[in-house]
Amino acid sequence: MKGEFTAIIEPAPEGGFWAICPEIPGANGQGETLEETKESLRQAIEMILDDRTSDILRGLPHDAICDTVAIG
């Protein structure tokens, strides 16, 4: 899956950074550097979207069409 999402990154009181993605509820990350924080957030987003996709596909009938749609 490929796409771009918003990363809101703030300094953490204890040091490093924390981040959230407003488009994906529950997606958050943390790290010592901005790059670590963004990678942590990317992994969280990917995990949540993969899990949601698996859940929805599990309930589809065998003759359902699964395709892609481009946005942007």
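## Overall dimensions

The radius of gyration is taken here over C-alpha atoms, and the globule rule used for comparison is 2.2 Å times the number of residues to the power 0.38. By that rule a compact globule of 72 residues would have a radius of gyration near 11 Å, whereas the protein chain has 15 Å. The model is predicted, and this value, like the others below, is computed from it.

Along its principal axes, the C-alpha trace of the protein chain spans about 50 × 25 × 15 Å. One pair of residues gives a sense of these distances: proline 13 and aspartate 50 are 37 residues apart along the chain, and their C-alpha atoms are separated by 31 Å.

## Secondary structure and strand pairing

The protein chain holds one helix and three strands, and, read from the N terminus on, these elements follow the order β-β-β-α.

Strand S1, residues 8-11, runs antiparallel to strand S2, residues 17-20, and the two are joined by four bridges. Within this pairing, isoleucine 9 stands opposite alanine 19 in S2. S2 is also joined by four bridges to strand S3, residues 28-31, again in an antiparallel arrangement; here isoleucine 20 has asparagine 28 in S3 as its bridge partner. In a regular strand the side chains alternate between the two faces of the sheet.

## The S1-S2 hairpin and its turn

S1 and S2 form a hairpin with five residues between them, and glycine 15, which lies in the turn, has a positive phi of about 110°. Proline 13 also has its place in the loop between S1 and S2. Its relative accessible area is 79%, and because the cut-off for an exposed residue is over 50%, proline 13 counts as exposed.

## Burial, contacts and surface

Of the 72 residues in the protein chain, 19% are buried, a class that requires a relative accessible area under 20%. When contacts between residues at least 6 apart in sequence are considered, 18% of them join residues at least 24 apart.

The protein chain exposes about 5900 Å², and carbon and sulfur atoms supply 56% of that area. As for charge, the chain carries 5 positive and 14 negative charges, and the mean positions of these two sets are 4 Å apart.

Notes
Residues are numbered from 1 along each chain as its sequence is written. This is a predicted model: local features need pLDDT of at least 70, side-chain atom pairs count only at pLDDT 80 or more; totals for chains, interfaces and linings use all residues. Side-chain values use heavy atoms; hydrogens and water are left out. Buried means under 20% relative accessible area, exposed over 50%, partly exposed in between (1.4 Å probe, protein chains only). Contact means heavy atoms within 4.5 Å. Accessible areas come from the Shrake-Rupley method with a 1.4 Å probe; for residues, only the protein chains shown count as cover. Lys and Arg count as positive and Asp and Glu as negative; His and the chain ends are not counted. The place of a charge is taken as NZ of Lys, CZ of Arg, CG of Asp or CD of Glu. Two strands pair if DSSP finds at least two bridges between them.
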